[in-house]
Amino acid sequence: MTTMSAERRALHSLSAAAGARQAARAFRESLGQLAFGPEQAGTVVLVVSELVTNALRHGGGACTLCLTAHPSCVEVAVEDPSTRIPRRGPPT
């Protein structure tokens with residue numbers, strides 16, 4: 001598999017995290033069945049949901065999601081417009 005990527009912008013709304021999860025599922029489907037299994041797909045969707053929710057909640061209400069498939073992994077990156085450096089909170 002060659003490297004593939006997709007990008008999606010999300011605005012703060014009740015459906016933004018759901019839209020990001022759907023984008024992650026569609027990205028996985030675009031890679032074909034052999035890219036990664038159902039368990040890994042579920043993990044990618046969960047990571048996308050958590051990162052997008054945090055970016056929207058703490059990063060100014062907008063974010064960009066970038067998914068990149070490499071031969072051995074899937075990279076999930078979420079960027080928000082905030083200039084504040086995240087601080088580590090207590091584990092929940």
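**Notebook: contacts, core and helix pair**

I began with how contacts spread along the sequence: among contacts in the protein chain between residues at least 6 apart in sequence, 59% join residues at least 24 apart. I note at the outset that this is a predicted model, and I read every value below as computed from it.

**Layout.** I then listed the secondary structure and found two helices and three strands in the protein chain, which run in the order β-α-α-β-β when read along the sequence. I also looked up burial for the protein chain as a whole, where buried residues account for 29% of the 92 residues.

**Core.** I next asked which residues have the most contacts inside the largest nonpolar core. They are V48, V52 and L67, in a core of 17 residues. Tracing where this core comes from, I found that α1 (16–31), α2 (38–58) and β2 (62–69) each supply at least two of its residues, and that α2 gives the most, with seven residues. As background I keep in mind that nonpolar side chains tend to be buried together in soluble globular proteins.

**Helix pair.** I turned to α1 and α2, bearing in mind that two packed helices are described by the angle between their axes and the distance between the axes. The axes of α1 and α2 come within 9 Å and cross at roughly 150 degrees. Since angles over 145 degrees count as roughly antiparallel, α1 and α2 are therefore roughly antiparallel to each other. The crossing of α1 and α2 is right-handed.

I wrote out both sides of the contact: from α1 come A16, A17, A20, R21, A24, R25 and R28, and these meet P38, A41, V45, V48, S49, V52, T53 and L56 in α2. Sorted by class, the contact of α1 with α2 has ten nonpolar, two polar and three charged residues. I marked V48 and V52 in this list, as both are also among the residues with the most contacts inside the largest nonpolar core.

**Strand β2.** I picked out two positions here, beginning with L65, which lies in strand β2. L65 has a relative accessible area of 4%, and it is buried because that value is under the 20% cut-off. The C-alpha atoms of L65 and V78 are separated by 4.6 Å, although the two residues are 13 apart along the chain.

T68 lies in strand β2 as well, and its relative accessible area of 11% means that T68 is also buried. For T68 I looked up F27, which is 41 residues away along the chain, and the C-alpha atoms of the two are separated by 9.0 Å.

**Loop between α2 and β2.** Is G60 buried or exposed? G60 lies in the loop between α2 and β2, and its relative accessibility is 68%, so G60 counts as exposed, the cut-off being over 50%. I also noted that the C-alpha atoms of G60 and P81 are separated by 6.4 Å, with their positions 21 residues apart along the chain counted as the step from one to the other.

Technical notes:
Residues are numbered from 1 along each chain as its sequence is written. This is a predicted model: local features need pLDDT of at least 70, side-chain atom pairs count only at pLDDT 80 or more; totals for chains, interfaces and linings use all residues. Side-chain values use heavy atoms; hydrogens and water are left out. A nonpolar core is a set of buried Ala, Val, Leu, Ile, Met, Phe, Trp, Tyr and Cys residues joined through side-chain atoms within 4.5 Å. Buried means under 20% relative accessible area, exposed over 50%, partly exposed in between (1.4 Å probe, protein chains only). Helices (H or I, at least four residues) and strands (E, at least two) are DSSP runs, numbered from the N terminus. Axes are lines fitted to C-alpha atoms, for helices over the stretch in contact, and angles run from 0 to 180 degrees between N-to-C directions. Angles under 35 degrees count as roughly parallel, over 145 as roughly antiparallel, 65 to 115 as roughly perpendicular and the rest as oblique. A crossing is left-handed if the near helix is turned anticlockwise from the far one by less than a right angle, and right-handed if clockwise. Contact means heavy atoms within 4.5 Å. Ala, Val, Leu, Ile, Met, Phe, Trp, Tyr, Cys and Pro count as nonpolar, Asp, Glu, Lys and Arg as charged, and the others, Gly among them, as polar.
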